[in-house]
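Notebook open. I want to go through the aromatic rings, then the charges over rings, then the cavities.

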Amino acid sequence: MDTSDTSALGITTFKGLPRLRVWSEHATAVSVVVLSQSRMVLQELPLTRKGNVWEVSNSVLAPGTRYALRLDGPEGHVHRFDPTQLVLDPYAKHVENLGDEQDQYWVAQVVATEEFDWGEYHHLGTPMRDTVIYEAHLKGLTKLAHFVPEEQRGTYAGLAHPNVVAHLTNLGITAIELLPIQAFTSEKHLRRDELTNYWGYNTLGFFAPHAAYATEAARAEGPAAIAREFKQTVRTLHEAGIEVLLDVVYNHTADEGHHGDHILFRGLDSAVYYRHDPAGNLVDVTGCGNSLDTSHPIAQQLVLDSLRYWTTEFGIDGYRFDLAVTLGRDHGHAFTSDHPLLHAIVNDPVFADKKIIAEPWDVGVGGWQTGHFPRGWSEWNDEYRDRLRRFWVESFSHARQTGQHREAIGKLATAIAGSSNRFSDDRGPLATVNFVTAHDGFTLRDLVSYNVKHNLMNHELGRDGTDNNHSYNFGIEGPTDNDKIQEDRRLTVRNLIGTLLISAGIPMLTAGDELARTQHGNNNPYNQDNDEFSWINWDLDESQEETILHTRRLIEIRRDHPVLRPGRYNHSTETLEDATRFTWFDAFGRHMADWQWTTPASRSVQFVASSLLEDGRTDQLLVIIHGVTDPAPFRLPELDGIKGYRLLWDSAAYRVSEIDTDAMSVAIPQQRMRLVGPSMRIYAVIDQDD
């Protein structure tokens with residue numbers, strides 16, 4: 001049993017001197033190599049072994065010093081020690097490449113400790129039920145933003161620009177979830193093809209902000225200025241009421257597979273940090289060549305130490321864990337919801353009020369685990385995504401080809417009500433992060449514009465990216481001037497956004513979907529750092545402006561009505577606090593019969609959502625979903641205590657301004673109306689006492 005003191009790894013100050021501490025069980029010798037910017041070795045200091053921790057204290061390890069590690073140890077089987085190769089300190093606060101893109105030479109740099117004035121905004125603590133997430137790529141969000149100064153576009157400072165913040169606050173966003181900003185690099189095969197890992201899922205600095213995202217001025221000033229720029233961005237967003245969540249990649253590292261570079265754990269102690277099979281081969285459940293072995297306590301500590309650092313040092317409000325199933329695999333590589341790391345993350349007092357979100361799958365055996373994470377975790381809900389896509393998009397393709405729809409209303413209704421089929425009652429609807437699109441996959445516009453992916457520019461012969469998109473082009477592949485097809489696509493986008501924002505759970509929008517951006521059919525542009533596929537184009541036409549206004553209106557409705565944000569499931573027939581009751585009706589205002597849930601012949605439904613407020617009042621909304629193309633008659637439902645319904649939103653309206661929300665224009669129970677399709681409406685319920 002390892003009894004080594006593993007506290008304060010990396011470089012810290014101890015008894016007035018900088019001290020470097022590194023963990024390696026199997027190394028036989030460890031030294032720190034001090035280098036110049038030209039890669040000249042200035043000094044090499046041996047580290048002393050204390051258990052499995054190696055350490056040295058020396059004044060040369062002062063801020064600004066560039067350094068790397070040299071380790072020797074056993075060869076063969078699971079060991080990859082190579083004293084001719086330098087590796088990074090995994091606790092480095094800044095990393096830089098002293099080589100070029102093809103011949104990389106990674107070193108760490110000691111960063112000066114600075115005090116930062118957070119004011120009153122170090123952490124916000126927005127309740128999970130009130131959260132609306134906006135997933136964004138830090139560079140891509142502002143690289144083409146003409147309303148941001150050129151020197152700030154695509155940078156940390158650009159994200160904090162008042163015009164960007166105003167866009168987010170005007171939409172009603174409460175949290176921005178950034179694709180990886182921990183220091184990363186591009187894989188060998190991408191560099192050979194002169195491409196880059198644009199998304200950033202290839203980490204080599206778990207404690208270091210990605211330097212390339214800082215402004216040129218901050219990079220010139222040095223690592224402390226880079227960190228300061230990001231902190232100021234977080235503070236600015238906090239001042240605007242927007243939390244900052246990070247997409248973090250602890251499932252694998254930039255070492256890649258068997259023939260990868262010695263960058264991190266390959267040369268530090270591959271036998272411990274990575275998963276291996278009995279023959280000594282790397283076990284790859286991530287699809288990236290290696291998998292961090294979180295069954296070992298030292299790997300668990302690395303993850304927790306890194307999370308604590310970003311939370312306390314940078315004020316981060318939560319995390320989305322890439323391929324989180326990998327983190328929950330035991331010594332035998334099987335996933336278990338009782339994994340100590342999964343529980344440590346949600347039980348650590350540092351993360352007590354933080355958002356903890358899993359991508360609940362990886363590519364290994366038993367890799368799909370949606371709904372199986374422990375209490376305290378929320379999860380990306382891919383089942384929710386697919387149900388919305390099948391109902392509003394794919395089923396219309398099937399109907400045009402066969403004359404009949406494929407999808408009934410039942411699965412969509414379950415998704416809207418919080419996916420209680422997938423998540424246990426003790427976790428409730430706040431366990432589901434609902435989304436229609438994410439960074440990996442079609443954009444919302446492309447989902448309704450392409451039948452198949454168009455990924456040839458990724459240099460993988462079209463083999464990358466999923467083929468299971470549930471998409472439909474509505475008649476023509478890609479761009480078209482056909483007015484009818486364009487309106488069909490826009491209407492479907494409005495139906496998808498509308499359904500997302502009235503569903504129980506935590507909604508997540510992908511940056512640019514609110515303005516209908518396109519990736520030209522590429523559903524996996526992870527290596528496309530350019531304006532054609534990845535950077536958001538902010539030159540908008542009228543229809544894009546209207547999509548923004550529809551999204552803003554829907555988020556406003558969600559914010560104004562707690563009934564759309566329940567914290568618990570309600571399986572009873574009573575109206576309860578923080579637990580929405582859904583009362584379902586068919587198009588004629590009759591209670592749904594069992595057969596209607598499962599037949600595609602019945603795709604029109606109404607429901608009244610009811611929830612008790614703290615002051616004793618009842619919050620209620622009526623939602624109508626008309627899931628076919630032909631216009632159809634509806635009769636509004638009649639329930640005790642309801643006097644009428646006032647229209648709040650109608651997806652059939654091209655412009656938000658066309659929607660008649662006049663308080664004097666009230667529909668009454670049992671009133672007949674004709675709805676065009678496919679569409680949906682949201683009504684405020686007027687009580688008898690109002």
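I started with aromatic pairs and got 33 of them, pairing rings of Phe, Tyr and Trp (its six-membered ring) with centres within 6.5 Å, where planes under 30 degrees apart are stacked, over 60 edge-to-face and the rest tilted. One of them joins Phe 116 and Trp 118, edge-to-face at 4.7 Å centre to centre with 70° between the planes. I checked Trp 118 for exposure: it counts as buried because its relative accessibility is 10% (buried is under 20% relative accessible area, exposed over 50%, partly exposed in between, with a 1.4 Å probe and protein chains only).

This is a predicted model, so I kept the rule that local features need pLDDT of at least 70 and side-chain atom pairs 80 or more, while totals for chains, interfaces and linings use all residues. Residues are numbered from 1 along each chain as its sequence is written, and side-chain values use heavy atoms, with hydrogens and water left out.

I also found one aromatic cluster whose members include Trp 23, Phe 206, Tyr 250 and Trp 377.

Next, charges over rings (NZ of Lys or CZ of Arg within 6 Å of the ring centre and within 35 degrees of the ring normal). Arg 320 has its charged end over Trp 380, 4.1 Å from the ring centre. Arg 603 is over the face of Phe 391 at 3.9 Å.

Last, cavities: I count five of 30 Å³ or more (sets of points on a 1 Å grid over the protein atoms alone where a 1.4 Å probe fits but cannot get out; points join across faces, edges and corners, and volume is the space filled by probe spheres set on them). The largest is about 170 Å³. Its lining has 16 residues, and those closest to the centre include His 137, His 439 and Arg 517 (lining means an atom within 4 Å of a point).

How values were computed. On a 1 Å grid over the protein atoms alone, a cavity is a set of points where a 1.4 Å probe fits but cannot get out, and a pocket is an open set with protein on both sides within 12 Å along at least five of seven lines; lining residues have an atom within 4 Å of a point.
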